[in-house]
Structure formats: C-alpha cells, structure tokens
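Let's take a friendly walk through this model together. Please have the sequence and the 3D view open as you read.

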Amino acid sequence: MTERLYYHDCYLREFKARVVETAEDGRRVYLDRTAFYPTSGGQPFDTGTMDGASVIDVIDEEERVAHILDAALSPGEITAQIDWQRRFDHMQQHTGQHLLSAVLEELFQIPTISFHLGAETSTIDLGASSLSLRQMEQAEERCAEIVSESRPVTITFDEASADLDLRKATERTGTLRVVSIQGIDRSACGGTHVRSTAEIGSVLLRKTEKIRGNIRLEFVCGRRALGQARADFRTLQDISRQLSVPAAETPTLVAAHIGRIAALEKTSQRLASDLAQREGREFWSATVPDPDGIRRVTERRAIDDAARTRAQAFVSQGKAVYLALSQDPPSLLLAASSDSGVHAGERVKAAVAALGGRGGGNQTLAQGSLPASVDMETVSSSLI
C-alpha cells in the first residue's frame, strides 16, 4: 500500500522514498510513499523526476500508485522532485473548481455533475439546461469576492457516517478526505488544493456549450486566467489595428463588415447563376443536333453549383443531353430534357454501380461519384 503524502501536504515538492517493486524493465515503479498525484477525479497526474528519471505518468491502482518513468530504476532509496509549476497550476484550477461549483449552487442552485482539468482550460458539466451571460457574470463576481477574502482552505479526515454537510453526497464509506472552503463549501476530494482562496487568483468563465441536455462551462483560474486575459487583449488589439478603430468599436465594425460580405456573396452567387444560365442557353444554340435531333454535349469541369445551373439551362431548351465529367474527384453530372428519351437518374445509377460507385437522381438531373481508379473517359459512352 502506497502512502500518499499529498493527502496531508499538497505543497511538498521534494521527498525521499523507497522503491519496493518495479515492472516493465524498471520503468514502472512502486514506492512505499509518494507525493506524485495520479490521474483521478478529473485532475491529471503530476510530473517530475526520480533520481534523474522523468515521471511521464502516474496511475492510481487503488491500494498502490504506479509511476511510469522514461528510464529504469532499481529497488532502493530514491529522491524525487515534483514539477511545482504544473502542480500549483493544478491546485489553482482544482480549488477554483470547488469554489465555482459552490458559488453556482449558492446563487442559482445549479449542481456540478463532473469536472475535467485540461491542459489549457478546465470544464464542469452542470445539471442545468441553460446558463445566461448575466449568471456567469454574477458567478465571477461572487468568486472574486471570496478570493479577496482569503478564506482558509482546509483538509480534514472524517468518518462517512457522520453528518458532514457535503455539497455533493458521496457513496464512499469509512474515512473521507474532506476539502473545505470556509463558509461556502465542503467536498469529499482526494485532489491537491491551495491553502487559501487568495491563492486561486482570478476565476474567469470562458464559454458554455450544450452537452446531452446539460451545460458544459469552461473556465480558467490563477495564472491561466492571466494568460488568457493577455491573449484575448492582444487579439483584440490586433483586430483593432487591422480595422483602424478603437478596440471598443471593433464589434460594431466587424458586424457591419460581415453584413456587407454576406450581401456581396449573395450578389455574386446570383450573378454567377445568371451567367451560367446564359452560357447554358448559348451553348445549346451553338451545339449541332445529331441525326435524331438531340443536342448532346460533354464537358470536363468541376461538378459544382455553376455546372448544375449550366446543365439545366442547356437542357431547358429541349431535345438536349448534357454531361459533365470531373477526374478530381471522379464524379459526373448528367442532365436530360424530358423529350430527349434519356432518364438521367436511371442511366447514372446503372453506369456508376457497374464501376463500384454511387449515384442517382430524377429523370432530368442526376449525379454520381466513382472510385479514384476509374478513368472518366470510359464512362461517357454509356451515358450520352
């Protein structure tokens, strides 16, 4: 059984221990005692070193903690160091999560379902169908208030059978490790935490998204919040410089630009459609009918909206069949006038199915796709 030193002292950065067992050629190491936190409860593992070997993973095996190293160790005494920057970051985020979850319960009676501490941001899933911007602002303000009060964060070990007044009920039995934020939260938790709410730093709520009927809330704390705020400000300043307006005016100007771009795109699409229709009609006039009186034409071009509009305009003049072929990717478009004697959908479906492709459509317009190995030139004869 591994003695977990972080249970009692989250600030322990260096410790001595004894290697009691190894596996995987000495790279999977078990100690009699450890300060390395294993991945658990939404919090990632600690990193650091053991006698110069880097700790690249820490795994909770219930009674024991396995340390995965990048070099082999032998049984005996070792000295280990925790990567303090990573550890303290996790402490800020995890205690910040406890505070944020308690505040959401206090203000809005919204429970936290789960927690995930990521490499750049953290998230909590909330038992609510919505969370408004105003509610997020109120939660940030309440967290800031409690952070400024430097409330103690304490760790106690209590019996599960006692009335512990936990924020979230637990099914665990026996002795529980309880992390408390004075006056607002008590939670059963095995993670690493700061000693005071002041050490959490800023709690910044980022965004929300719907997840299986609940709300996932993204947040950052402490140094991460500072980094995100700096990055956001630099981005806003860059946009402001590009648009040559004060930062406060950028949302209005960007919205206006987006509106103009949308209008221009709509106009461009309409003009492209008008041009394709005119080209289709002119192409029909320039095409000589075959002995059956049917105008037939094959073009090598991309299969896009313009091709479909051009094809439909061509056959709309009557007694016409239009085929477009594209080699990259292998695809085709067939259009036929109702008086041409050609059923476009049936002909395309039969042709592409014979070559391992897919396609179909109606009597006057059909499309198909083919495997990359197919030479499109071999397809045209069976279609037109």
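We can begin with a cysteine pair. In this predicted model, the sulfur of Cys143 has its closest cysteine sulfur in Cys221, at 7.7 Å, and that is too far for a bond. Seen from the other side, the closest cysteine sulfur to that of Cys221 is the one in Cys143, again 7.7 Å away. A disulfide calls for sulfur atoms within 2.5 Å, so this pair does not qualify. How many disulfides does a search of the whole structure find? The count is zero. Both cysteines are out of reach of the solvent probe by the usual cut-off: Cys143 counts as buried at 1% relative accessibility, and Cys221 counts as buried at 0%.

**The nonpolar cores**

Cys143 also brings us to Leu100, since Leu100 has Cys143 among its contacts, along with Ile124, Ala139, Leu205, Leu217 and Phe219, once neighbours within four places in sequence are left aside. Leu100 has a prominent place in the largest nonpolar core: this core has 36 residues, and those that touch the most other members are Leu99, Leu100, Leu104 and Leu217. Two or more residues of this core come from each of α1, β9, β10 (122-126), α2 (133-148), β12, β14 (203-211) and β15 (214-221). Which element gives the most to this core? It is α1, with nine residues. Another core lies apart from this one; it has 19 residues, including Leu5, Phe15, Val19 and Val58. As background, nonpolar side chains tend to be buried together in soluble globular proteins.

**The largest pocket**

Now for some empty space. The largest pocket has a volume of about 980 Å³. Its lining is made up of 36 residues, and Arg172, Ala188, Cys189, Gly190 and Gly191 lie nearest its centre. By type, the lining holds 12 nonpolar, 15 polar and nine charged residues. At least two lining residues come from each of β1 (3-4), α1 (84-108), β9 (112-117), β12 (175-181) and β13 (185-188). Of the elements, β9 gives the most to this lining, with four residues.

Ala188, one of the residues nearest the pocket centre, belongs to strand β13. Is Ala188 buried, partly exposed or exposed? With a relative accessible area of 27%, Ala188 is partly exposed, because that value falls between the 20% and 50% limits. Beyond its neighbours within four places in sequence, Ala188 is in contact with Leu166, Thr170, Arg177 and Val178. For a sense of scale, Ala188 and Ala262 are 74 residues apart in sequence, and their C-alpha atoms are 53 Å apart in space.

**Two residues further along**

Thr309 sits in helix α5 (residues 305-315). Leaving aside neighbours within four places in sequence, Thr309 is in contact with Ser273, Ala276 and Gln277. Ser331 is part of strand β18 (residues 330-336). Not counting residues up to four places away in sequence, Ser331 touches Ile303, Ala324, Leu325, Ser326, Gly368, Ser369 and Met376.

Here are the accessibility values for the residues we have visited.

| Residue | Relative accessible area | Class |
|---|---|---|
| Cys143 | 1% | buried |
| Cys221 | 0% | buried |
| Ala188 | 27% | partly exposed |
| Thr309 | 18% | buried |
| Ser331 | 12% | buried |

Key. Residues are numbered from 1 along each chain as its sequence is written. This is a predicted model: local features need pLDDT of at least 70, side-chain atom pairs count only at pLDDT 80 or more; totals for chains, interfaces and linings use all residues. Side-chain values use heavy atoms; hydrogens and water are left out. On a 1 Å grid over the protein atoms alone, a cavity is a set of points where a 1.4 Å probe fits but cannot get out, and a pocket is an open set with protein on both sides within 12 Å along at least five of seven lines; lining residues have an atom within 4 Å of a point. Grid points are joined across faces, edges and corners, and a volume is the space filled by probe spheres set on the points. Ala, Val, Leu, Ile, Met, Phe, Trp, Tyr, Cys and Pro count as nonpolar, Asp, Glu, Lys and Arg as charged, and the others, Gly among them, as polar. Buried means under 20% relative accessible area, exposed over 50%, partly exposed in between (1.4 Å probe, protein chains only). Contact means heavy atoms within 4.5 Å. A nonpolar core is a set of buried Ala, Val, Leu, Ile, Met, Phe, Trp, Tyr and Cys residues joined through side-chain atoms within 4.5 Å.
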